[in-house]
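Please open the model in your viewer and keep the selection panel at hand. The stops below go from one selection to the next.

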Amino acid sequence: MDFPFRFEWPRHNQDRMMHDIYNMLFVGRSALINAPTGTGKTDAAISAAMAFAYKNDMDIFFLTPKMSQHSIAIEVLKGINAKFGAGIGYTDIVGKKTMCINTDVNNIDGESFYKSCEKLVKAGNCAFYSKAKGQGISERLEGAAANGHNALFEAAFNEGVCAYEIAARMAKESNFIIADYAHILSPYTRQAFLKRIAHNLQGSIVIWDEAHNILNAASSYLESHITTRSIAYAEKELASISSSIDLGYLSFVLDEMKERLLKGKAEAFFSNSDMPAELMRNIGGIAGDIEKAGLTYIEASHASRSSLIHISRFMESLINRNDSIAGIISLSGDNVRLSLSCLYPEASVAAFKDAYANIFMSGTLLPLDMYARLFGMENAGMFNYSSPFPRENRVSFIDTGVSSKYESRSIEEYKRIAIGIGRIRAITKGNMAVFFPSFKMLDSVYRYMGTEVRHIQRQMMPSIAVEKLLSDFKKSEDSMLFGVMGGSLSEGIDYANNVIKGIVIVGIPLERPNLALTAKTEYLNKKFEGKGVEYAYLVPGVIKAVQAAGRAIRSEKDRAFIVFMDKRYNWRTYKSIIKNFVEIDSSDDYIGAIRLFMQKGMQHIEKEGAAIFYT
Ligand code: SF4
């Protein structure tokens, strides 16, 4: 089989992966691919899908959870076009808000932005949209679009046309669409998006990058909440536009539900029948009126968000909710909160079955059969590829002397963890990163660190500050980074050129038990025969730790140690999950073993004549 592959030779496992995917597509089945970083999954998946799609007149969607991950697909397509003169038409499209050049509305947040854009377009009041509609697509725009959505945005801005409209029109003519998860996973977006770009899933192969994120992302599109505080903000918005809508009744309903359902508890379930019948009877109309008032408020005050639109979205979600969405009422201080929490994104998962086939790929998609069941893809082919990097370049140990288990947390335990990190630091030549299960834990241990920690991730840190922290850390040669698991420093980020020589994972980032987790566990227990705890709680927690641990080795030349600092990693429940991803070494003296590993690394560097990273 000849694959459109941009490089001269496939890497270790890439050839096998292309054949495996092609064979699945040939028989009309989906594929789940687990392959560690460095395998070249994106190239292999795109080449195999293209080889099949273009013979069979199909389209390809390449979907990612973050827009920053679109660029790799563009590089692959450019490389294939350059090598084969293939002239593949592809379009990179991201959310409308990111592509909006209309400064009257592009500072508006979330749902309020989409409603404002829709209103402008309907009324013919967006000049950029009208201009884009009224003219062809210039060569300059086409050239820019080949470099991705950022370049298209810039060119569209210079021409004064709506970049989203241009991208959507180009997508109509493209066989390869690079887009965000939300375009297909969000049931609110999917139909309109596919209609707009004149494509369907039935005639398409969908490649899901970083597929371990799918269910969380899908759930987030289905969740919403209101609070007594947001109702108070909304009332102020109504007053500012002299609206006759009275939201006092909604505040009254929340208070009454609090008395009736909470009875002193911190949280409780609620169902739609707990809301007054007269409210539920008219809720569609009420939501529509509140949304209109929200748009008027945004227009009149040039605000960047509206609590009214937020409330109207919540009401729409109440109408659409089914058993897979739990209603939870909770109290924080005097603020009552009604949340709709997604237990399993049934409406999103249904989209997988619409496609001709799906290719789900990730470096942490294990156990594969768990994901196949969660995606409703039990018939899919499952493929697990080994790491392409030399085994001798990494050592991994479990420190069983401490635990971050909730009941074990104490000042003494924080001190023990700090001393443990200090001991590892003392033998590390070069940068070291330590990841914690929460900011609280990070702060508690940091307090007892005798060693200087220069780079610390803080809660609610703006993204610009995180970037600065990261760039400073990467420039340093012998310092320590403290961050949290599941955060922007521990997932979806490359620490290239062996910038980290060792990683310490403190604790297991398990979700703190609450009513939403209990409901999710019960729902998955019923749906997947008693697998609720494993699917909802254990595996997601361990995967966050594995993601963080995987930051150090990003290429075949990288060498690093990993220490899982929590005795629970040695327990059968957790060990059976983690061994899918990391081979754990055993030693009575892991500090000594790491020292030896570091010394061997120095000999290797001296032999290779590479730069010495410590003095
Ligand atoms: S039509 Fe385009 S430019 Fe106009 S508001 Fe919407 S996204 Fe922005």
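Begin with the strand pairing inside the sheet, bearing in mind throughout that this is a predicted model. Select Phe 269 and then Ile 328 in β8, which is its bridge partner. Widening the selection to the strands themselves, you will find that β7 and β8 (residues 325–332) run antiparallel and are joined by four bridges.

Now add the remaining strands, so that the open sheet of four, in the order β6-β9-β8-β7 and with antiparallel pairing, is shown in full. Which strands stand at the edges? They are β6 (224–227) and β7 (267–270), and because each has a single partner strand, one side of each is left without a neighbour in the sheet. Looking along the sheet, note that neighbouring strands are turned against each other by 20° on average, direction ignored.

Next, select the helices that pack on this sheet. Helix α13 (residues 228–240) touches β6 and β9 (335–342), and its direction makes about 75° with that of β6. Helix α17 (residues 307–320) also packs on the sheet, touching β6 and β9, but the direction of α17 makes about 125° with that of β6.

Move from there to the ligand and display the 14 residues around it, of which Cys 100, Cys 117, Cys 126, Tyr 129 and Cys 162 come nearest. Coloured by class, the shell divides into 11 nonpolar residues, one polar and two charged. At least two residues of the shell come from each of α5 (110–122), α6 (127–133) and α9 (163–173), and α5 gives the most, with three residues.

Stay with α9 and select the whole helix. Eight of its 11 residues are buried, so α9 is largely enclosed by the rest of the structure. Among the buried residues are Tyr 164, Glu 165, Arg 169 and Met 170. To see what surrounds them, show β3 (90–92), α4 (96–99), α6, α7 (139–145), α8 (149–159) and β4 (176–180), against which the buried residues of α9 pack.

Finally, colour the chain by domain: domain 1 comprises 15–23 + 38–89 + 174–222 + 345–385, domain 2 is 99–161, domain 3 is 224–342 and domain 4 is 391–608. With domain 1 and domain 4 selected, their C-alpha centres lie 30 Å apart, and the contact between them takes 11 residues from domain 1 and 13 residues from domain 4. On the side of domain 1 that touches domain 4, the residues are four nonpolar, four polar and three charged.

Terms used
Residues numbered from 1 in each chain as written. Predicted model: local features only at pLDDT ≥ 70, side-chain atom pairs only at ≥ 80, totals over all residues. Pairing = 2+ DSSP bridges. Axes fitted to C-alpha atoms, helices over the stretch in contact; angles between N-to-C directions. Contact = placed C-beta atoms within 7 Å. Near = placed C-beta within 6 Å. Nonpolar A, V, L, I, M, F, W, Y, C, P; charged D, E, K, R; others polar. Buried ≥ 20, exposed ≤ 12 C-beta atoms within 10 Å, placed from the backbone. Domains from an automatic or database assignment.
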